[in-house]
Amino acid sequence: MSSDRLTYTVDEAADLLGISRSLAYELVRLGELPCIRLGRRILIPRQAVHDLVEEPLGAQR
C-alpha cells in the first residue's frame, strides 16, 4: 500500500488495524469507522485510521 494515498478500502483498513473484514464493515455500519461512500464504493480516509489508533485509551467507550 502506498503511503501517499488519501483513502483505503475497507479490506485494507481492516488489515492495517489488525481486525477482520467483517468487523471493519460492522464498524462502518455502526459509524465507529468513518467512511466516504462513492456510489457503492466505501472508502476509509487515511486520517480516520490513524485517528482511531492514536485515540487516547481513556477516551474510548
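The exercises below deal with the fold, core and helix packing of a predicted model.

**Exercise 1.** Describe the order of the helices and strands in the chain.

Solution. Start with the inventory: the chain holds 3 helices and 3 strands. Next, read from the N terminus, which gives the order β-α-α-β-β-α. Then turn to the contacts with a separation of 6 or more: 45% of them join residues 24 or more positions apart.

**Exercise 2.** Find which residues form the largest nonpolar core, and which elements each supply at least two of them.

Solution. The largest nonpolar core comprises 12 residues: Y8, V10, A13, A14, A24, L27, V28, L33, I42, I44, A48 and V49. Sorted by element, at least two core residues come from each of α1 (10-17), α2 (21-30), β3 (41-45) and α3 (46-54). Now take I44, one of the core residues. Beyond its neighbours within four places in sequence, I44 contacts L6, T7, Y8, T9, V10, A13, V28, L33, P34, C35 and V49. As background, nonpolar side chains in soluble globular proteins tend to be buried together. Over the whole chain of 61 residues, 23% are buried.

**Exercise 3.** Work out how α1 and α2 are oriented to each other, and which residues make their contact.

Solution. The packing angle is about 110°, and the axes of α1 and α2 lie 9 Å apart. Angles of 65 to 115 degrees count as roughly perpendicular, so α1 and α2 are roughly perpendicular to each other. On the α1 side the contact involves V10, D11 and A14; on the α2 side, R21, A24 and Y25. Classified, the contact has 4 nonpolar, 2 charged and no polar residues.

**Exercise 4.** State what share of the accessible surface belongs to carbon and sulfur atoms.

Solution. The chain has an accessible surface of about 4500 Å². Carbon and sulfur atoms account for 52% of this surface.

Notes. Residues numbered from 1 in each chain as written. Predicted model: local features only at pLDDT ≥ 70, side-chain atom pairs only at ≥ 80, totals over all residues. Heavy atoms only, no water. Core = buried A, V, L, I, M, F, W, Y, C linked by side-chain atoms within 4.5 Å. Buried < 20%, exposed > 50% of the residue type's maximum accessible area, 1.4 Å probe, protein only. Helix = DSSP H or I, 4+ residues; strand = E, 2+ residues; numbered from the N terminus. Contact = heavy atoms within 4.5 Å. Axes fitted to C-alpha atoms, helices over the stretch in contact; angles between N-to-C directions. Parallel < 35°, antiparallel > 145°, perpendicular 65-115°, else oblique. Nonpolar A, V, L, I, M, F, W, Y, C, P; charged D, E, K, R; others polar. Areas by Shrake-Rupley, 256 points an atom, 1.4 Å probe, with all protein chains shown as cover.
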